[in-house]
Amino acid sequence: MTENLQLGALLAACHWIGQKGWSPATGGNMSVREGDAHCLITESGKDKGSLTAEDFLLVELESGLAPGGRRPSAETGLHTMLYSRYPETGAVLHTHSVNSTVLSRVERSGALVLEGYEMQKSLSGQTSHLDQVVIPIFDNSQDIPALAQKIIASSEHAPLQYGFLLRGHGLTCWGRDVAEARRHLEGLEFLFQCELQRRLLEAK
Ligand SMILES: CSCCC(=O)C(=O)COP(=O)(O)O
Ligand SMILES: [Zn+2]
């Protein structure tokens with residue numbers, strides 16, 4: 001296999017995510033596309049803040065399987081769903097920050113609507129704080145194939161953009177490459193913190 005030029009950037013992103021406290025314990029999983037039919041994804045159960053290149057497994061998008069008997073992330077099916085349905089997706093980051101975990105529970109509807117923030121423009125294609133950024137929220141499930149099917153069904157009428165939240169679980173976001181996925185993660189995390197603080201202060 002030729003070297004995946006995005007893997008170094010992904011490793012750096014994983015270490016940065018660890019330092020930010022967005023993947024506590026063994027939480028989170030990260031991947032990069034490897035051609036049309038595969039991705040490189042984190043092995044299940046690792047501390048994502050101290051990964052090395054050997055902790056990534058080559059997984060076939062169609063089967064979700066990694067050769068060699070090692071176990072890819074428990075949430076591999078969500079990554080492969082994104083690479084398969086959105087061919088422009090080059091990297092996927094899934095994190096367990098406190099803000100994404102809490103906000104996805106506080107917001108009981110099926111979407112978090114962000115509006116009025118200049119930092120919305122950290123998301124590709126967003127040009128004004130006056131527009132709405134809609135981040136879907138799906139109820140968490142341990143049945144990843146069923147969850148992936150629900151997300152696909154929802155995306156038929158509302159195409160996915162940037163990321164989605166799993167209630168009480170965390171954020172999955174992506175980009176055309178690691179740099180874009182990382183910018184989306186940092187932008188969304190900033191927006192989540194603002195939104196949570198705004199709701200707390202306005203509730204008083
Ligand atoms: C305490 S982490 C629970 C599983 C999870 O949500 C996660 O993101 C990590 O799972 P993985 O199999 O990718 O290590
Ligand atoms: Zn998770």
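## Nonpolar cores

The largest nonpolar core of this predicted model holds 34 residues, and L10, L114 and L188 touch the most other members. A nonpolar core is here a set of buried Ala, Val, Leu, Ile, Met, Phe, Trp, Tyr and Cys residues joined through side-chain atoms within 4.5 Å. Buried denotes under 20% relative accessible area, exposed over 50%, and partly exposed the range in between, with a 1.4 Å probe and protein chains only. At least two residues of this core come from each of α1 (7-20), β1 (29-34), β4 (91-95), β5 (111-115), β6 (132-138), β8 (170-175) and α5 (178-202). Helices (H or I, at least four residues) and strands (E, at least two) are DSSP runs, numbered from the N terminus. Apart from this core lies another, of 22 residues, among them L61, Y86, I151 and L166.

With neighbours within four places in sequence left aside, the contacts of L114 are Q120, D131, Q132, V133, I135, L188, L191, F192 and E195. Contact means heavy atoms within 4.5 Å.

## Conventions

Residues are numbered from 1 along each chain as its sequence is written, while chains are lettered from A and ligands numbered from 1 in the order in which they are written. Local features need pLDDT of at least 70, side-chain atom pairs count only at pLDDT 80 or more, and totals for chains, interfaces and linings use all residues, while side-chain values use heavy atoms, with hydrogens and water left out.

## Zinc site

The zinc ion (ligand 2) has as its protein donors H94 (NE2), H96 (NE2) and H169 (NE2), which lie 2.0 to 2.1 Å from the ion. Donors are N, O and S atoms within 2.8 Å of the metal (3.2 Å for Na, K and Ca); water is not among the atoms, so sites may look incomplete. Along the chain, the donors follow the spacing H-x1-H-x72-H.

Distant parts of the chain are linked by the pair H96 and H169, 73 residues apart: H96 is in the loop between β4 and α3 (98-106), and H169 is in the loop between β7 (163-166) and β8. H96 is partly exposed, at a relative accessible area of 23%, whereas H169 is buried, at 11%.

## Strand β7 and L165

L165 lies in strand β7 and is buried, with 1% relative accessibility. Leaving aside neighbours within four places in sequence, L165 is in contact with S100, S104, L112, I135, P136, I137, F138, G170, L171 and F192. From L165 to A181 the separation is 16 residues in sequence and 15 Å in space, C-alpha to C-alpha.

## Overall architecture

The protein chain contains five helices and eight strands. Read from the N terminus on, the order of elements is α-β-β-β-α-β-α-β-β-α-β-β-α. Helix α2 (residues 76-85) is largely enclosed by the rest of the structure, because seven of its ten residues are buried. These buried residues of α2 are T76, L78, H79, T80, M81, L82 and Y83.

The radius of gyration of the protein chain is 16 Å, which agrees with the value near 17 Å for a compact globule with 204 residues. This radius is taken over C-alpha atoms, and the globule rule is 2.2 Å times the number of residues to the power 0.38. Along the principal axes, the C-alpha atoms fill a box of roughly 55 × 35 × 30 Å. Of the 204 residues, 50% are buried. Among contacts with a separation of 6 or more, residues 24 or more positions apart account for 63%. The accessible surface comes to about 9,900 Å², with 53% belonging to carbon and sulfur atoms; areas come from the Shrake-Rupley method with a 1.4 Å probe, and for residues only the protein chains shown count as cover.

## Cysteines

A disulfide is counted as a pair of cysteine sulfur atoms within 2.5 Å, and the count comes to zero. The closest cysteine sulfur to that of C14 is in C173, at 12 Å, too far for a bond. C14 is buried at 0% relative accessible area, and C173 is likewise buried at 0%.

## Positive phi values

Most residues other than glycine have a negative phi. A25 has a positive phi near 50°; A25 is placed in the loop between α1 and β1 and is exposed, at 64% relative accessibility. Y162, also not a glycine, has a positive phi of about 70°. Y162 belongs to the loop between α4 (144-157) and β7 and is buried, with a relative accessible area of 5%.
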